[in-house]
Each structure stands twice: as structure tokens, then as C-alpha cells.
Amino acid sequence: MLKNILLFIVFAVGFISASPSGEVHGIILTAKTGEPLEGVNVSIEGTVLGAASDADGYYRIVGIPAGEYTVSAYLVGYEESQQTIEIRVDQSIKLTFHLRQTVLSSSSVLVLGHREEIEAVRKQPFSVSVIDAQAVQARAIDLNEVLSRAAGVQLRQAGGTGSESRISIRGLEGKQVQVFIDGRPLNTPDGTFGINDIPLIFIKRIEVYKGIIPARFGGNGLGGAINVVMNEYETDYLDLGLSRQSFNTNNISTVFVKNFPAPGIKVGAGGWFTFAENNYTMASPFQPGLEINRDHDAFTSVVGAVSLSFSKLWFDEIELEMPILYGKKELQGVQQNIQHAQSKYQAYVGALAMDKTGFFHENLDFNYSLILPLGYSQMVDTSRYRYTFQGERFLSPSGIGELGFSGQNSDNRIFEGSQRINLNLDKSSTQSYNLNLSSRYSTFSPEDPLQNEYLGYDISQQKSKIVSNTLGLTHEISFLGGRLANVVGGKHYAFYSEGYESDIYGSGSGQPPAKTSNFVGEFGFNNGIRLRLNEQIMLKFSYERALRLPTANELYGDGIFLQPSPDIKPESSHNFHAGFLFDKLDSHYRRFQIEVNGFYMRLNDMIQLTGNGITNGYVNLGETRIVGADAEIKADVTNNLYAYLNATYQDSRDILEFLPATSVPNPTEGLRVPNIPWLFGNLGVEYTFRELFGDNQKTKVYLESSYVEEFFYGWEVSNNQNLRIPSSTEHTAGLEFSFNANTFFVSAEIKNLTNERTYNIFNNPLPGRIFAIKLRRTIFGK
């Protein structure tokens, strides 16, 4: 199957590339400074032919039949430019465009070109890093790997592709870090779909917020967030991608967009398929000398979506999206040999987004989004046998099931709808107000006949419900010609839930638990300051009192082994940040950046999992202090050589004096919080050869390294304990080839070049050396 698809892609690429005809090529420059413009859409009007300018402003359109045409160059934030040409067969015409910049919207939300968009985000009075995903779209890597190269960010992973993974930002991880797609919360119902499932060809940039989160996003969190900004397609577009890696890991992705300019309608479709066997050999961290072949760790993910948007109605844009998701994951044992248990999920999502500038007032902008996902998750654990790593088989002590004290055959139904209303008012060129209301409504309905038999009552009656609203108001003002900016904001969190109580230690009474409800109302606030000393130096300072509301499974469990804890309180934190940024662009457009940040966080009422090993539940436990710093240097050493280096230190310690509700001294007071790396860093170099293998061709050679210092995955109560994850250094080397003005890419790389044995979440072994290759073809459009 995979071979046939690959042959089809190669055949299609060859067929489309082989048609004899003329071409247009040239460069796009700014009219004011003459700087090359990247991402400009150049199209031949009346056809589907087009291209986009690269980082040097260069573009090339081939396959143009003989005739007279109008060539248009357009970039959001610039005036459109047109030139008329007459082309003959096999003729090559050079056209140069000079685009004038225009401001198309309010001062608070500028619509700019790709580079300008990145710079606008970085200039906010918050601690934020911006990653240009378009620069790595041709590589055979995933989003988590890209994020893990950023200062202050760590990828926490339990295994290979599809395994449990967490994004950690300055010691905050998992549910403490908010995730957004185009500013909308990522809330697939069962949480099994994450941003790492999105192939890079769909992503424009990634914004990593390390302190205050912009009010327009809404939501709640403890001071860390990831916003994935998806690509927008201004012309007809078709893109195909195929990658293959070691351990039988495969991905196929495609996106298609068709524009109908006259009625202002755009139709899109896309999706991807991922399969990974993850059959690498690992050394057991629990049984010295035992080598384990991961033979029950396969992962499958299928996503398909269609979209329909309108741009000539009263609203500037109305977009409808309908994704469908399916996934299956075998469960690989590390402490015991699991051979049959697996999980599955399906989700059906409807989404609506509407935008309007001049919303009943020329300076008022309106944004609305609605997401309605319905999901089903299954845990299948029905084997009557259990196994050892030596191949021995024996009857399950509980009669059925490999994982716990009874089997599972669940079919849980989860709904988690959300909406967001955002209003932005520009009072003047230096002052604006933003009002945001984010609402969430979720229900959970468990179903499992095996658990009904084990518990002695019908768990399908344990339906739970959560309703929450977060209202935020922000005021932004600038002084001294924009050199000094201040953002101050407040939020109110309202949270209501219904569910069922239960004894988390499993009383075994067989009686259904009692129904209960909970309401929480809390305030949060923040202030951020940005001071630009000159054109190259910027200072940032911020403070925030942040809250994270409990999730559905933290409050009401899963109806099986994760028991309800309906009285837990929100997590809260006080976050302080100070930052320094030096950014210089020389006359040859070579950039040199130095960024240094310091941070202090004090967390209260942390939500942690506890129990007796048979049944578990969440409780508020502990106070934590996180103090640290990160630094990063980026440099265009020459026009062809780029290098970066970053390092992060984060000291996360338990500061709870007494155990909760007692006068007993806390034995872990002053100790580092386990399972959180405290020192890590990255470096990389990249060299670009231009036209090494012909016209309009680029070759990139890159080497990247990452280091993580040794850390404990259990409390460091003794220097003699062995609950530690050893330090590790990993190297990645790769090649990337681009042809036909960045419309066809081939890349190959080797990850973990030295085949070092590495471990991560709770000492789980990670894959060794990985070989990867990727092909990507943009058939037409940008």
C-alpha cells in the first residue's frame, strides 16, 4: 500500500513537471528599503499557476502556456502589484516587483507579512519565543522535536511515536501548559489528540508564551502556553508529503485549497495518516541486564478535515471546519510484559470562526469561535492471561485483564464544547482595550460492562458535567513614540461542576456513590511592561497571578480506576519575569540576537495524583517554588551560515512546611520536585549552498545537539538512591535539498547519531539511533 502511494506521488510529480512551456522568474523587494520579501504570492491571473517568494525574495513559475497574462504579486500588509507579459513557448521572462507596505487593520492587531508577523509577536510586553515552522517544514521531524530546541522548553516523552508526551515550559508541564490552535483552545474530547499529531506542512509558526498569556486567547493556565498558527492559503494550493523513519514509522499528509475569488469562497480539504510500530529494543530500567523488544507498541492515527470559508459577506471571514479523528495505541509494558491491552479513540468535530473589523464602530474588531467535539474512547483489556518478559504465560490473577485488578472494555462518551468572543477597541493610535469571554461545557458518560461487574453497580449512571466561564479585560497603552508599552489585565474565573463522590481508597461497598456539585469563583490579574532603549535593545518585565481550573477527569475520574475528587481547588501561582533582548540587523540583512530571561514562580494547591495503587484520585497537595533563567544566542554568521545556542536552568523545589491538614513536618521540604529536568541546553549550525545542483536549488547541511543534566524521578531523600535519570547528549545530522524555487524538497537525517541510550518520564527508555527521510512536493500555489 505505502509503496503504491509513493509510486503515485513520484509519477504525479514527474508528469506535472514535464509539460513544455514558458516561465516567469524574478525577485520581490520592499519599495522603501529594497529588502527581499519572503512569502509573497505571485500568480498568473486566469490560471491556477503561482509561486511564493523564498527568503531571498526569489520566485519562479513554470509551465505557462504561450499567451498574454497579468502577473500579480501580493502579500498581506502590502499593496498588490501587477505587470502584463506576453510569453512564448520555452521563453523565460524576468520580472522584479517592488511592494509598498500598508496598514490594513487596527494598531493592536496588524496584518503583516510573515517576517513582520513574527516580529510583531516578539515585541509584545510578554516573555515569548516565536518559531518559524516554515523553515523546518521539509524536515522529517515532528512538532515536539521543534519545540524542544527552544530555550526554556523541554519535551517529556515516555517512548516512541504516539506515546505519552508532555510539553514542559520553565518547570510547568502537562495540563499546567495551555495549548491553542490559531488562538483557540485545543480541546478534543478525550485529550488523546495533541499538537504533536499535526504535520509541520500545515503550520506557519509556533508561539511559546513563558509567562503572561495574551487576553485574546482566553482560557486558564499557570503561565505557559503554546499557540500553533496554521498556514493560510491565498491561492489555489496542493501539497503532498511522505516521510519514513526507523522502527517502521510512516507519515503521509496532504492539503488542497481551491479559491473562487468572484463569490469570495474558499474550499479546503486535508489530512494525514501516521503509523509507527515502535519496535526498538530497550534496556530495562528496573531489571539490570534485561533487554526488551517493544513488540506491543504500535500506533495509528488518521485525521481528515474539510473546510469552507466566505470572505464577501458582512463578516470579513466566516469559516466552517469539520475534522474527523481516529487513533489506536497498543500499550507497551516496561515493568511487566503486556501483549493485548490497547486503547482507541474517535472524535467528530464541528468548528465555526467569524471575524469582523469595524464591528458597528470603525475602531472595534470582533472575533468569534465555536468548537463542538464529540468523542468516544475505548480501553480494551480483556486477556485472560498475563506474560513475563521471558515468554512465560499464566492466568490473570483477577480472571481477566493485564493492567489492574479487573479487565476493562470501556466505551466512554465525551463532549467538550467551547466558544470564545473577543472584542478589541482601538481608542487611539497608542491605546486599546480588549474584552474576552471564553466558555466551556463538557460532559462525560462512562460505559464498561466489566467494571459494572467488578464494582457491583452501573458506572454509566456516573455522568459528570462542567460549565466554566473566563472573562478577561486588558488595557494596552504606549508612550514615548512606542518605546514604552504597558499591558494590564484582569480575569474572573467561574467554574461549576456536577459529578459523583467516591472513596479514592476503594471501600468496595458495591453501592453507587452520592451525587455532588462544586462552584469556584476566582480572580486573576497581570501586568507587563516593555521598554525599548534603542533600535537594538529591549527590556521586558511582567507579573501575573494565574489560575488553572481542574479538568473533567481530575474532578470526576473515568468511572474505573481514576476516582472522583469533586472538592479539589484550582491551582494558582504568582509569576515574575524579567527579560533582555538585543536584536541587530546589519546592512546585509544578517541578524544577531541575544536574549536573557529570569523568572520566579510560586505555586499553590498543586493538583497531584494519589491513592493506594488500586484506586487513585486527585488532591490538592503542596506548594512549589520555581526560580531560574534561560539564555539564547542566534546569529547569521554569514549569508550562508546560521548558528544558535541556548541554555536553561530551572530549580523547582517543594516549600510546603507541613503535610496537608497536619502538624507533621514535610519530609520533602526544600527538595527538588522529581521528574523535572533542572539544567538543559541546545546548539545547532546550518549551512546553505545555493544552486549547488542547478538553478533555483538550495542545499542545507545541519548539525544539532542537545544536553540534559542528570535528574531524579523520585524525591532525592538520599544520595545513595538510584531513582535518577542519567545525563544525556544527543546529536542530529541532516541534509535538505530544495528544487524548483522551494516547490520540491528531499531531506534525510540521523537522530541520536551516537545511538546513546536515553531515558525520560519516570525513567522510560527512548528510541536509539533513528534514520529518517522525507519527500515533499508543492504541486501548485502558496
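Guide: Helices (H or I, at least four residues) and strands (E, at least two) are DSSP runs, numbered from the N terminus. This is a predicted model, where local features need pLDDT of at least 70, side-chain atom pairs count only at pLDDT 80 or more, and totals for chains, interfaces and linings use all residues. Residues are numbered from 1 along each chain as its sequence is written, and side-chain values use heavy atoms, with hydrogens and water left out.

Visitor: How many helices and strands are in the chain?
Guide: The chain runs to 782 residues. Its helices number five, and its strands number 47.

Visitor: What share of the residues is buried?
Guide: Buried means under 20% relative accessible area, exposed over 50%, and partly exposed in between (1.4 Å probe, protein chains only). Of the 782 residues, the buried share is 52%.

Visitor: Which percentage of the contacts joins residues 24 or more positions apart?
Guide: A contact is a pair with heavy atoms within 4.5 Å. Take the contacts in the chain with a separation of 6 or more. Residues 24 or more positions apart account for a share of 64%.

Visitor: What area does the chain expose?
Guide: Shrake-Rupley gives the area, with a 1.4 Å probe; for residues, only the protein chains shown count as cover. Carbon and sulfur atoms supply 57% of the exposed surface. In total, the chain exposes about 34,100 Å².

Visitor: Where does Glu691 lie?
Guide: Start with its backbone: phi of Glu691 is near 55°, a positive value in a residue other than glycine. Most residues other than glycine have a negative phi. Glu691 counts as partly exposed because its relative accessibility is 46%. Its place is the loop between strand E41 (679-690) and strand E42 (698-708).

Visitor: What is the phi of Asp182 near?
Guide: Asp182 sits in the loop between strand E13 (177-181) and strand E14 (184-185). Its relative accessible area is 34%, so Asp182 is partly exposed. Here too is a positive value in a residue other than glycine, near 50°.

Visitor: How far apart are the C-alpha atoms of Ala514 and Gly499?
Guide: Ala514 belongs to the loop between strand E32 (484-500) and strand E33 (515-532). With a relative accessibility of 44%, Ala514 counts as partly exposed. Gly499 is 15 residues away along the chain. Between the two C-alpha atoms, the separation is 8.5 Å.

Visitor: How many salt bridges does a search of the whole structure find?
Guide: A salt bridge is a side-chain nitrogen of Lys or Arg within 4 Å of a carboxyl oxygen of Asp or Glu. Searching the whole structure gives a count of 27.

Visitor: Which residue forms a salt bridge with Asp54?
Guide: The N to O distance in this pair is 3.6 Å. Asp54 lies in the loop between strand E3 (50-52) and strand E4 (58-64) and its partner Lys698 in strand E42, so the pair ties together parts 644 residues apart in sequence. Both ends are buried, Asp54 at 7% relative accessible area and Lys698 at 15%. The partner is Lys698.

Visitor: How far apart are the closest N and O atoms of Asp651 and Arg672?
Guide: These two form a salt bridge. Asp651 is in strand E40 (residues 641-654) and Arg672 in the loop between E40 and E41, so the pair ties together parts 21 residues apart in sequence. Asp651 is buried at 5% relative accessible area, whereas Arg672 is partly exposed at 21%. Their closest N and O atoms are separated by 2.9 Å.

Visitor: With which residue does Glu710 form a salt bridge?
Guide: The closest N and O atoms are 3.2 Å apart. Glu710, in the loop between E42 and strand E43 (711-712), is linked to strand E44 (residues 724-725), 14 residues away. Glu710 is partly exposed, at 29% relative accessible area, and its partner is partly exposed, at 26%. That partner is Arg724.

Visitor: Which residues are linked in a network of salt bridges?
Guide: Two of the members are Arg residues, Arg139 and Arg149. The network links them with Glu704 and Glu749.

Visitor: Which side chain of opposite charge is nearest to Lys491?
Guide: Lys and Arg count as positive, Asp and Glu as negative; His and the chain ends are not counted. Lys491 is in strand E32, and its contacts beyond four places in sequence include Gly218, Thr470 and Phe523. Lys491 is buried yet has no salt bridge. At 5.4 Å, the nearest side chain of opposite charge is Glu544.
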